[in-house]
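Student: I would like a close look at a single part of this model. Please then carry on from there to the surroundings.

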Amino acid sequence: MTDKQEAAVKCPFFICSRKNTLECESVIGNAAMLSRFPSVSAMNEHVKRYCAREDGGKCPLAMNLYEKYRRLEELERAREKQRRLMYLKEF
């Protein structure tokens with residue numbers, strides 16, 4: 001992938017690319033996911049179809065990561081609600 005192609009990537013989970021491999025954020029903590037394609041052209045097709053979209057299109061990795069963050073936000077909202085209830089019970 002060239003610098004120009006990489007500049008076209010808009011997916012928030014993209015980290016970098018090398019030859020026929022994409023490196024993206026992982027659903028596991030601070031890890032990264034590597035996707036190795038059979039050819040550079042296959043990888044470029046994937047990039048055009050998914051990575052060039054800000055929402056990641058329907059990329060399975062992006063969909064899982066959006067779900068991860070949705071669940072984390074939901075959990076944080078529930079925790080905040082619980083903290084508020086605990087605070088109100090004190091008074």
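Why does Y69 count as partly exposed?

Tutor: Keep in mind that this model is predicted. Y69 has a relative accessibility of 33%. Buried would need under 20% and exposed over 50%, with partly exposed in between, so Y69 counts as partly exposed. The residue belongs to helix α3, which covers residues 60–90. On the surface, Y69 joins L72 and L75 in a nonpolar patch. Together the three offer about 260 Å² of accessible area.

Now turn from the surface to the interior. Eight residues make up the largest nonpolar core: V9, F14, L22, C24, F37, M43, V47 and C51. Two elements, β2 (21–25) and α2 (40–51), each contribute at least two of its residues. With three residues, α2 supplies the most. There is also a second, separate core, made of six residues. Among them are C11, Y50, C59 and A62.

C51 belongs to the largest core. Setting aside neighbours within four places in sequence, C51 is in contact with V9, K10, C11, L22 and H46. V9 and L22 are themselves members of the largest core, while C11 sits in the second one.

Next comes A52, in the loop between α2 and α3. Its relative accessible area is 27%, so A52 is partly exposed. Again leaving out neighbours within four places in sequence, A52 is in contact with A8, V9, K10 and V47. V9 and K10 also appear among the contacts of C51. C11 and A52 are 41 residues apart in sequence, yet 6.4 Å separates them in space, C-alpha to C-alpha.

The strands remain. β1 (residues 14–18) and β2 pair in the antiparallel sense, over four bridges. C16 has E23 in β2 as its bridge partner. Two residues lie between the strands of this hairpin, where K19 takes a positive phi near 45°. On to β2 and β3. Strand β3 spans residues 32–36 and runs antiparallel to β2, joined to it by five bridges. Here E25 stands opposite A32 in β3. This hairpin has six residues between its strands. In that turn, G29 has a positive phi of about 40°.

That brings the core back into view. β2 pairs with β1, is bridged to β3, and also supplies at least two residues of the largest core. Y69, by contrast, is part of the surface patch with L72 and L75.

Technical notes
Residues numbered from 1 in each chain as written. Predicted model: local features only at pLDDT ≥ 70, side-chain atom pairs only at ≥ 80, totals over all residues. Heavy atoms only, no water. Patch = residues over 30% accessible without salt bridge, like charges linked within 9 Å, V, L, I, M, F, W, Y side chains within 5 Å. Areas by Shrake-Rupley, 256 points an atom, 1.4 Å probe, with all protein chains shown as cover. Salt bridge = Lys/Arg side-chain N within 4 Å of Asp/Glu carboxyl O. Buried < 20%, exposed > 50% of the residue type's maximum accessible area, 1.4 Å probe, protein only. Core = buried A, V, L, I, M, F, W, Y, C linked by side-chain atoms within 4.5 Å. Contact = heavy atoms within 4.5 Å. Pairing = 2+ DSSP bridges.
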